[in-house]
Amino acid sequence: MEAAIRDRVGRFVRQNAEAQLEFLIQLTTQNSYSHNKPGTDQVAAMILERIGHLFRAHRVVRQEEVGDLHLLSTREGGQTVYLLGHMDTVFPPEHAFQSCSRQGDVLRGPGTGDMKGGLVVIIYALKALQHAGVLGELNISTIFNSDEEIGSRYSRPVMERERQRAAACLVTECAGVENQVVVSRNGKMGARMKSYGKPQHVAVGNHEKSSAILEAAHKIIDIEALNAIYPGVSLNIGKVAGGLGPATIAAEAEAYIDIRWEHEEHKDRLIENVQSIVDRRMLAGCHSEFEVLNWRPSMPDTGCNHELVGLIQATAGELGQKVPVQHRRGSSDANHFGSAGVPTVDGLGPVSQWDHTADEYIDIPSLHERTKLLAAVLLRM
């Protein structure tokens, strides 16, 4: 019986391969930068138009700063398998990278891999299960959120509540270049350092000055020097701003910091080191403050997901696919489930590379392969 259903699922995916690709192009062409709420809400509307009717329950968590979160379930209550997908991307509307281009088996476009390709894997896997007549028998819930790229600051509380009834969690962030799925991830913190000095015309006084920019510069160098202080640790100053103009000593400056760790026990000591650098006054008349903007715990490979990985690999083998496993230094919403002991596997989206750049692309055949795999895994679970 399962083999017959799987055959129907496979035929559906093959017959709808071009429609799936066209829908991905439509999703990608619609800008959904994290702070573009109207654009991200439009992506949600496009998704709901295709699969909203497949679910018995639909809950919307309204947001003011980012797009609304949508939680859909085939059943109300009971343990459920969660499918996670974020609708936001890193490309603002004014960025030059706004459209798709196809060359052979490669589709290049903003968010094709991270993670609109993963969204259409979820959508067409569910449509295939519905076509096969079995979706209503499965307890599946999806979370579509709009703030993953900025640390899931608004959606994190929802995920922490929902994971209490999670039997497992499957996330369709992009696969590795060798088809890998992800079994563990680094923890991540987004933070801001604000430095303060005393404004003054550069022609007044001597070379001694209370420049917020110079104060921040000293600290940026010291923070960057913490890289690899512990195994699996990385820090990056990704954005710096401040000052009024070249002829004015800066009164304020700010630096945005990305902090990552592989082992959760290193997190507190790492933050203490950063905090001590921020608190240290380098120049007379200057001081700095440290603010945590968002964070995700690390997702260790504790063994709780080994059975799930085995099921995925066995199912992939039956489909003629190979899915090795990997650790990723990046974080995702999978961390919120995996860190709590929920069996969690990420990287179930299409093969992709160069995400967060204007060279981002996916391998088109892998889009359809991953759709068949996800549907077959859900069926077997």
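## Largest pocket

In this predicted model, strand S11 gives the most to the lining of the largest pocket, with five residues. S11 covers residues 234-242. The other elements that give two or more residues to this lining are strand S9 (187-196), strand S13 (252-261), strand S14 (287-296), strand S15 and strand S17 (352-353).

The volume of the largest pocket is about 1500 Å³. Its lining counts 47 residues. Nearest the centre lie Val90, Glu149, Ile150, Lys188 and His356. By class, the lining of the largest pocket splits into 13 nonpolar, 19 polar and 15 charged residues.

## Second largest pocket

The second largest pocket has a volume of about 180 Å³. Strands S3 (80-86) and S7 are the elements that give two or more residues to its lining. S7 spans residues 166-171.

The lining of the second largest pocket is made up of Gln79, Thr80, Val81, Leu138, Asn139, Ile140, Ala167, Ala168, Leu308, Pro343, Leu378 and Met381. Nine of these residues are nonpolar and three are polar. None is charged. Leu308 links this pocket to the helix described below: the residue lines the pocket and is buried in helix H8.

## Cavities

How many cavities of 30 Å³ or more does the structure hold? There are two. The largest cavity has a volume of about 40 Å³. Its lining consists of Val183, Met299, Pro300, Asp301, Thr302, Cys304, Asn305, Gly338, Val342 and Thr344. By class, that gives five nonpolar, four polar and one charged.

The second largest cavity has a volume of about 30 Å³. Thr28, Asn31, Ser32, Thr89, Phe91, Phe97, Gln98, Pro110 and Lys116 line this cavity. Three of them are nonpolar, five polar and one charged.

## Helix H8

Helix H8 runs over residues 306-318, 13 residues in total. From first C-alpha to last, H8 reaches 18 Å. That is close to the 18 Å expected at 1.5 Å a residue.

Which residues of H8 are buried? They are Leu308, Val309, Ile312, Thr315 and Ala316. Seen down the axis of H8, the buried residues fall within an arc of 130°, so they line one face of the helix. The cover over these buried residues includes two helices, H1 (2-15) and H10 (364-380). Strands also take part, among them S7 (166-171), S8 (181-185), S15 (325-328) and S16 (344-345). Strand S7 thus appears in two places: in the cover of H8 and in the lining of the second largest pocket. S15 also has two roles, in that cover and in the lining of the largest pocket.

Just after H8 comes Gly320. Its phi is positive, at about 80°.

## Thr315

Thr315 lies in helix H8. Is this residue buried or exposed? Thr315 has a relative accessible area of 0%, so it counts as buried, the cut-off being under 20%.

What does Thr315 touch, leaving aside its neighbours within four places in sequence? Its contacts are Arg6, Leu373, Ala376, Val377 and Arg380. Arg6 falls within the range of helix H1 (2-15). Leu373, Ala376, Val377 and Arg380 fall within that of helix H10 (364-380). Both helices are part of the cover over the buried residues of H8.

Notes. Residues are numbered from 1 along each chain as its sequence is written. This is a predicted model: local features need pLDDT of at least 70, side-chain atom pairs count only at pLDDT 80 or more; totals for chains, interfaces and linings use all residues. Side-chain values use heavy atoms; hydrogens and water are left out. Helices (H or I, at least four residues) and strands (E, at least two) are DSSP runs, numbered from the N terminus. The expected span of a helix is 1.5 Å times one less than its number of residues. Buried means under 20% relative accessible area, exposed over 50%, partly exposed in between (1.4 Å probe, protein chains only). The arc is that of the directions from the helix axis to the C-beta atoms. Contact means heavy atoms within 4.5 Å. On a 1 Å grid over the protein atoms alone, a cavity is a set of points where a 1.4 Å probe fits but cannot get out, and a pocket is an open set with protein on both sides within 12 Å along at least five of seven lines; lining residues have an atom within 4 Å of a point. Grid points are joined across faces, edges and corners, and a volume is the space filled by probe spheres set on the points. Ala, Val, Leu, Ile, Met, Phe, Trp, Tyr, Cys and Pro count as nonpolar, Asp, Glu, Lys and Arg as charged, and the others, Gly among them, as polar.
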